[in-house]
Amino acid sequence: MIKSIILENDRVRLSPLTLDNYTNLHSVAAEHKLIQYSPSDIETPAALRRYVEIALEQQKQRSSLPFIIYDKKSMAFAGSTRYMNIDYKNKVLEIGSTWIGEKFQGTGLNSQMKNLLLNHAFDMLGFEKVSFRIDERNLQSRKAVEKLGAVLEGILRENVYLLDGYKRNTCCYGILKNEWGKFLRQDK
């Protein structure tokens, strides 16, 4: 079972997301269309609280581990991410429900955060595969995971309704543990 942890490097700290600290994300979560490609709602304080309550309920069920993201460079809370859809038997988990404020996008924060999560999942937790599910139209997020070495494994057609009623196609990406090791060596 994955226990609450803190992951950090010189750039970012990922701490457990709780009902005590989520209010630090109100201004980021309120950014217009921040998570336009997600079926979740976080724009109002009440919606954000419900989002966190759902994440914490999933954590109790051992299927999720949510984090609050703190950007050390700008000394500000930047957003949220989580390990989710955790499958202990098959040693597979997903990194998802990731959102960071506009001012943090394109700064390298996301790749620093994903590297921490991937290294921890493979090296410390013993998972053999990490997956990502991304709206087909979200080219920025797709390019970000491809840059990490994730491989497009397929597209689930019209499988998730978004808040505006649009039914998205979901791109399924994955990184195997042995691929992550090769990617890290080639990247140096």
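## Starting at S97

Let's begin with one residue, S97, which counts as partly exposed because its relative accessibility is 25%. That value falls between the 20% cut-off for buried and the 50% cut-off for exposed. One thing to keep in mind from the outset is that this is a predicted model.

S97 is part of strand β5. If you skip residues up to four places away in sequence, S97 touches Y51, S80, T81, R82 and M84. You can also compare S97 with P39: the two are 58 residues apart along the chain, and their C-alpha atoms are separated by 9.7 Å.

## E94, on the strand with S97

Stay on strand β5 and you'll find E94 there too. Is E94 buried or exposed? Its relative accessibility is 6%, so E94 counts as buried; the cut-off here is under 20%.

E94 has quite a list of contacts. Leaving out residues up to four places away in sequence, E94 touches R82, Y83, M84 and N85, along with S131, F132 and R133. With N85 there is also a polar contact, in which the side chains of E94 and N85 are joined at 2.7 Å.

## Zooming out to the whole chain

Now for the wider view. The protein chain has five helices and eight strands. Going along the sequence, they come in the order β-β-α-α-β-β-β-α-β-α-β-β-α.

How does the radius of gyration fit a compact globule? For 188 residues, such a globule would have a value near 16 Å, and the protein chain has 16 Å, so the two agree. Measured out along its principal axes, the C-alpha trace spans about 40 × 40 × 35 Å.

## Inside, outside and charge

Of the chain's 188 residues, 42% count as buried. On the outside, the protein chain exposes about 10,200 Å², and carbon and sulfur atoms supply 49% of that area.

Contacts reach across the sequence as well. Take the contacts between residues at least 6 apart in sequence: 58% of them join residues at least 24 apart. As for charge, the protein chain has 28 positive and 22 negative charges, and the mean positions of these two sets are 3 Å apart.

## S15, a buried serine in β2

Head back towards the start of the chain and you'll meet S15, which sits in strand β2, residues 12-16. S15 counts as buried because its relative accessibility is 14%.

Which residues does S15 touch, leaving aside its neighbours within four places in sequence? They are I5, I6, P66, F67 and I68. I69 is worth a look too: S15 and I69 are 54 residues apart along the chain, yet their C-alpha atoms are separated by 6.8 Å.

## S38, a serine in a loop

S38 lies in the loop between α1 (26-29) and α2 (45-60). The side chain of S38 reaches the backbone nitrogen of S40, at 3.1 Å. Not counting residues up to four places away in sequence, S38 also touches L162, L163 and R168.

## Two residues with positive phi

Some background helps here: most residues other than glycine have a negative phi.

M75 is not a glycine, but its phi is positive, near 55°. You'll find M75 in the loop between β3 (64-71) and β4 (76-87). With a relative accessibility of 63%, M75 counts as exposed.

K91 is another non-glycine residue with a positive phi, about 60°. Its loop is the one between β4 and β5 (92-100). Where M75 counts as exposed, K91 counts as partly exposed, with a relative accessibility of 36%.

## A last stop in helix α3

Where is S111 found? Its place is helix α3, which covers residues 109-124. S111 is partly exposed, since its relative accessible area is 32%.

To finish, try finding N169 from S111. These two residues are 58 apart in sequence, and in space they are 24 Å apart from C-alpha to C-alpha.

How values were computed
Residues are numbered from 1 along each chain as its sequence is written. This is a predicted model: local features need pLDDT of at least 70, side-chain atom pairs count only at pLDDT 80 or more; totals for chains, interfaces and linings use all residues. Side-chain values use heavy atoms; hydrogens and water are left out. Helices (H or I, at least four residues) and strands (E, at least two) are DSSP runs, numbered from the N terminus. The radius of gyration is taken over C-alpha atoms; the globule rule is 2.2 Å times the number of residues to the power 0.38. Buried means under 20% relative accessible area, exposed over 50%, partly exposed in between (1.4 Å probe, protein chains only). Contact means heavy atoms within 4.5 Å. Accessible areas come from the Shrake-Rupley method with a 1.4 Å probe; for residues, only the protein chains shown count as cover. Lys and Arg count as positive and Asp and Glu as negative; His and the chain ends are not counted. The place of a charge is taken as NZ of Lys, CZ of Arg, CG of Asp or CD of Glu. A polar contact is a pair of N or O atoms within 3.5 Å; within protein, one must be able to donate a hydrogen and the other to accept it, and residues adjacent in sequence count only if both atoms are side-chain atoms.
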